[in-house]
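Welcome! Take a moment to look over the sequence and the 3D structure, and then let us walk through some of the details together.

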Amino acid sequence: MQKPQLLVPVMATPNGTLVHPAYFLLVGIPGLGLNAHFWLAFPLCFMYALATLGNLAMVLIIRVERRLHEPMYLLLAMLSTIDLVLSSVTMPKMASLFLTGIQEIEFNVCLAQMFLIHALSAMESAVLLAMAFDRFVAICHPLRHASVLTGPTVTKIGLAALTRGFVFFFPLPFILKRLSYCQTRTVTHSFCLHQDIMKLSCTDTTVNVVYGLFIILSVMGVDSLFIGFSYILILRAVLGLSSRGAALKAFNTCISHLCAVLVFYVPLIGLSVVHRLGGPTSLLHVIMANIYLLLPPVVNPVVYGAKTKEIRLRVLHMFSQDGR
């Protein structure tokens, strides 16, 4: 089969003709050969199966069990839905790359994957912020919890998270299309990210750099600040309780959410810092990007399933029925 033309002139502009590649080449993990990539595909497929089954089980259990139709669990269902879509956007293509060694990804497909990765990450950040607010109200103002976080309010939060993720990141494919790509076509990850595609351009990327920095600070940066502030207030309220047992019980309700926040934000902040420092993409960049995108969809259902009594009992009940 004949491969598509490597570089395709798109349109003439005052600054010259825009040139877009027909496809990009995904590297996978730099420094690893075909055999190592092939064997890595199997644990990756296992992770994808675990993420799919775990998050799907979360959504179905919360949907079926009427006792779980509470703000915390409805937000958890949103988080699981986002993780389910995010893992489906990234892991199958990675597994195909590792198994077959086929590196090509079409230009527009790469931009679509990039948009979905960034938009879904912003939605997940918003849901984590909403869950932090839920824990803050439940611990610091328990008598107002039922009136503040109602079903319609949670629905509005979900719609706001969806809208914000779409609006902020929708321009990214278009500001990447305004660039010419006349250097290497190699993307140094197993998936497409804005920073990596931008670096392949041989034209001025100031708009991309400024807008990328703006959205990472105004979306994830603001969310992480509010989450941190929520936990400062929660910690102050917990330490003010007279009973040590009551304090531990109150803070124990936050452990699952804290794990989800750390798994999401620590690799994200690290990845943003190393990208902003510039220089060539290193193995550290790639590992942190893989942790940032692959770990939360796998870890979140495991942590919430183990720590949330209602979900754990429902899962055990399902297995006990199957065993009869």
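## A walk through the model

Let us begin inside helix H1, where the buried residues are His37, Ala41, Leu44, Ala51, Gly54, Asn55, Met58, Ile61 and Ile62. Keep in mind that this is a predicted model. Helix H1 has 31 residues, and the distance from its first C-alpha to its last is 44 Å, close to the 45 Å expected at 1.5 Å a residue.

Now turn to the surface. Phe38, Trp39, Phe42 and Leu99 make a nonpolar surface patch of about 410 Å². Which helix gives the most to the nonpolar patch? Helix H1, residues 34-64, does so with three residues. Phe38 is found in helix H1 and counts as partly exposed because its relative accessibility is 30%. Leu99, in contrast, has its place in helix H2; with a relative accessibility of 36%, Leu99 also counts as partly exposed. Although Leu99 and Phe38 are 61 residues apart in sequence, their C-alpha atoms are 4.8 Å apart in space.

Helix H2 covers residues 71-100 and also holds Thr90. Thr90 has 0% relative accessibility, so Thr90 counts as buried. Its side chain reaches the backbone oxygen of Leu86 at 3.1 Å.

Next come the cysteines. A disulfide is a covalent bond between the sulfur atoms of two cysteines. How many disulfides does the count come to? The count is one disulfide, formed by Cys110 and Cys192 with their sulfur atoms 1.9 Å apart. This pair links distant parts of the chain: Cys110 sits in helix H3 (residues 107-140), while Cys192 sits in the loop between strand E5 (186-187) and helix H7 (194-199), 82 residues apart. The link of Cys110 and Cys192 is left-handed, with -120 degrees about the S-S bond. Are Cys110 and Cys192 buried or exposed? Both are buried.

Why is there no bond from Cys254 to the closest cysteine sulfur? That sulfur, in Cys140, is 8.8 Å from the sulfur of Cys254, which is too far for a bond. Cys254 counts as buried because its relative accessibility is 0%. Cys140 lies in helix H3 and, at 22% relative accessibility, counts as partly exposed. Cys140 and Ala250 are 110 residues apart in sequence, with 9.9 Å between their C-alpha atoms. Cys259 counts as partly exposed, at 30% relative accessibility.

Finally, look at the charged pairs. Side chains of opposite charge can pair when their charged atoms come close. The count comes to three salt bridges, set out here:

| Salt bridge | N to O distance |
|---|---|
| Glu65 and Arg67 | 3.2 Å |
| Asp134 and Arg135 | 2.9 Å |
| Asp223 and Arg164 | 2.6 Å |

The salt bridge of Asp223 and Arg164 links distant parts of the chain: Asp223 is in helix H8 (residues 206-239) and Arg164 is in helix H5 (residues 151-169), 59 residues apart. Asp223 and Arg164 are both buried. Asp134 counts as buried at 1% relative accessibility, and Arg135 is buried with a relative accessible area of 9%. In the pair of Glu65 and Arg67, Glu65 counts as buried because its relative accessibility is 14%, whereas Arg67 counts as exposed at 60%.

Methods: Residues are numbered from 1 along each chain as its sequence is written. This is a predicted model: local features need pLDDT of at least 70, side-chain atom pairs count only at pLDDT 80 or more; totals for chains, interfaces and linings use all residues. Side-chain values use heavy atoms; hydrogens and water are left out. Patches are made of residues with over 30% relative accessible area and no salt bridge: like charges are joined within 9 Å, nonpolar side chains (Val, Leu, Ile, Met, Phe, Trp, Tyr) within 5 Å. Accessible areas come from the Shrake-Rupley method with a 1.4 Å probe; for residues, only the protein chains shown count as cover. A salt bridge is a side-chain nitrogen of Lys or Arg within 4 Å of a carboxyl oxygen of Asp or Glu. Helices (H or I, at least four residues) and strands (E, at least two) are DSSP runs, numbered from the N terminus. Buried means under 20% relative accessible area, exposed over 50%, partly exposed in between (1.4 Å probe, protein chains only). The expected span of a helix is 1.5 Å times one less than its number of residues. A disulfide is a pair of cysteine sulfur atoms within 2.5 Å. A polar contact is a pair of N or O atoms within 3.5 Å; within protein, one must be able to donate a hydrogen and the other to accept it, and residues adjacent in sequence count only if both atoms are side-chain atoms.
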